[in-house]
Every structure is written in structure tokens, then in C-alpha cells.
Amino acid sequence: MPLILLIVALVGLRYFEVWRFAELSWWAIGALMVIAFLWFEFIEPMLGFDKRKAHNEDEKRRKERVKQTFDKK
């Protein structure tokens, strides 16, 4: 996610020609977009980060359910 925020910030700064970002090449920003695409579509699933995140959310919901069940009595 920080990579996406960086890309959005760079696009805005380049578009409005702020400070030294006015000299930044659009190719550099495009390269960052390609890197972000490759990361989210291929590398992250290959390393299992997406499944780990989903597993942690399921575990959190399970713990909440158990806590609610035993706190009622």
C-alpha cells in the first residue's frame, strides 16, 4: 500500500510541477506502476502474503466468537 500512495503522490507532484518533481520523468513513475502491478499480481500471491492476511483476519474473528460465547455465561 505505501507503494501505491507513493505513486499517487508522485503523479500529483509531477502533474502540478512542484519543486524538483517537475523534472521527474513520466517513465520513472510508469516504471513504479509496473513494479506495483507485478508485486500485487504475482509476487505477493507467490509468497503467500495475501493468504496470510486472510488467515489472520479469520483467526481474529474466531477468537472474538469464542470470547463472546464464553463471556455470556
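The following exchange between a colleague and a modeller goes through the helix packing, salt bridges, exposure and backbone angles of a predicted model.

Colleague: Why is helix 1 called roughly antiparallel to helix 2?

Modeller: Helix 1, residues 2–15, and helix 2, residues 26–47, pack at an angle of about 160 degrees, with their axes 10 Å apart. Angles over 145 degrees count as roughly antiparallel, and therefore helix 1 is roughly antiparallel to helix 2. The crossing of these two helices is left-handed.

Colleague: Which residues make the contact between helix 1 and helix 2, and how do they divide by class?

Modeller: Helix 1 contributes L3, I4, L6, I7, L10, V11, R14 and Y15, while helix 2 contributes W26, I29, L32, M33, I35, A36 and F40. By class, the residues of this contact are 14 nonpolar, no polar and one charged.

Colleague: M33 of helix 2 is in that contact; what makes M33 count as buried, partly exposed or exposed?

Modeller: M33 has a relative accessibility of 41%. Buried requires a value under 20% and exposed a value over 50%, with partly exposed in between, so M33 counts as partly exposed. Leaving out residues up to four places away in sequence, M33 touches I7 and V11. As for R14, its C-alpha atom is separated from that of M33 by 14 Å, the two residues being 19 apart along the chain.

Colleague: Why is helix 2 described as roughly perpendicular to helix 3?

Modeller: The axes of helix 2 and helix 3 cross at roughly 65 degrees and come within 5 Å. The range that counts as roughly perpendicular is 65 to 115 degrees, and on that basis helix 2 is roughly perpendicular to helix 3.

Colleague: Which residues meet where helix 2 packs on helix 3, and what classes do they belong to?

Modeller: From helix 2 there are W39, E44, P45 and L47, and these meet F49, D50 and R52 of helix 3. This contact has four nonpolar, no polar and three charged residues.

Colleague: How do you know whether E44 is buried or exposed?

Modeller: E44, which is found in helix 2, has a relative accessible area of 13%. The cut-off for buried is under 20%, and so E44 is buried. Apart from its neighbours within four places in sequence, E44 is in contact with W39, F49 and D50.

Colleague: And how is R52 on the helix 3 side to be classed, as buried, partly exposed or exposed?

Modeller: R52 lies in helix 3 and has a relative accessible area of 48%. Since exposed begins over 50% and buried lies under 20%, R52 is partly exposed. From C-alpha to C-alpha, R52 and W39 are 16 Å apart in space, and they are 13 residues apart in sequence.

Colleague: How many salt bridges does a search of the whole structure find, and what makes R61 and D58 one of them?

Modeller: The search finds two salt bridges. The side chains of R61 and D58 meet at 2.1 Å, N to O, and the distance has to be within 4 Å, so this pair is a salt bridge. R61 and D58 are three residues apart in helix 3, residues 49–71, and are therefore separated by about one helical turn. D58 is partly exposed, with a relative accessible area of 42%.

Colleague: Why is the pair of E59 and R62 called a salt bridge?

Modeller: Their closest N and O atoms are 2.7 Å apart, and the limit is within 4 Å, so E59 and R62 form a salt bridge. Both residues lie in helix 3, three residues apart, about one turn of the helix. E59, at 26% relative accessibility, counts as partly exposed, and R62 is also partly exposed, with a relative accessible area of 36%.

Colleague: What is notable about phi of E17 and of W19?

Modeller: Phi of E17 is near 50 degrees, a positive value in a residue other than glycine, and phi of W19 is near 45 degrees, again a positive value in a residue other than glycine. E17 is found in the loop between helix 1 and helix 2, and W19 has its place in that loop as well.

Colleague: Why are E17 and W19 classed as they are by accessibility?

Modeller: E17 has 56% relative accessibility and W19 has a relative accessible area of 67%. Exposed means over 50%, so E17 counts as exposed, and W19 is exposed too.

How values were computed. Residues numbered from 1 in each chain as written. Predicted model: local features only at pLDDT ≥ 70, side-chain atom pairs only at ≥ 80, totals over all residues. Heavy atoms only, no water. Axes fitted to C-alpha atoms, helices over the stretch in contact; angles between N-to-C directions. Helix = DSSP H or I, 4+ residues; strand = E, 2+ residues; numbered from the N terminus. Parallel < 35°, antiparallel > 145°, perpendicular 65-115°, else oblique. Left-handed = near helix turned anticlockwise from the far one by under 90°. Contact = heavy atoms within 4.5 Å. Nonpolar A, V, L, I, M, F, W, Y, C, P; charged D, E, K, R; others polar. Buried < 20%, exposed > 50% of the residue type's maximum accessible area, 1.4 Å probe, protein only.
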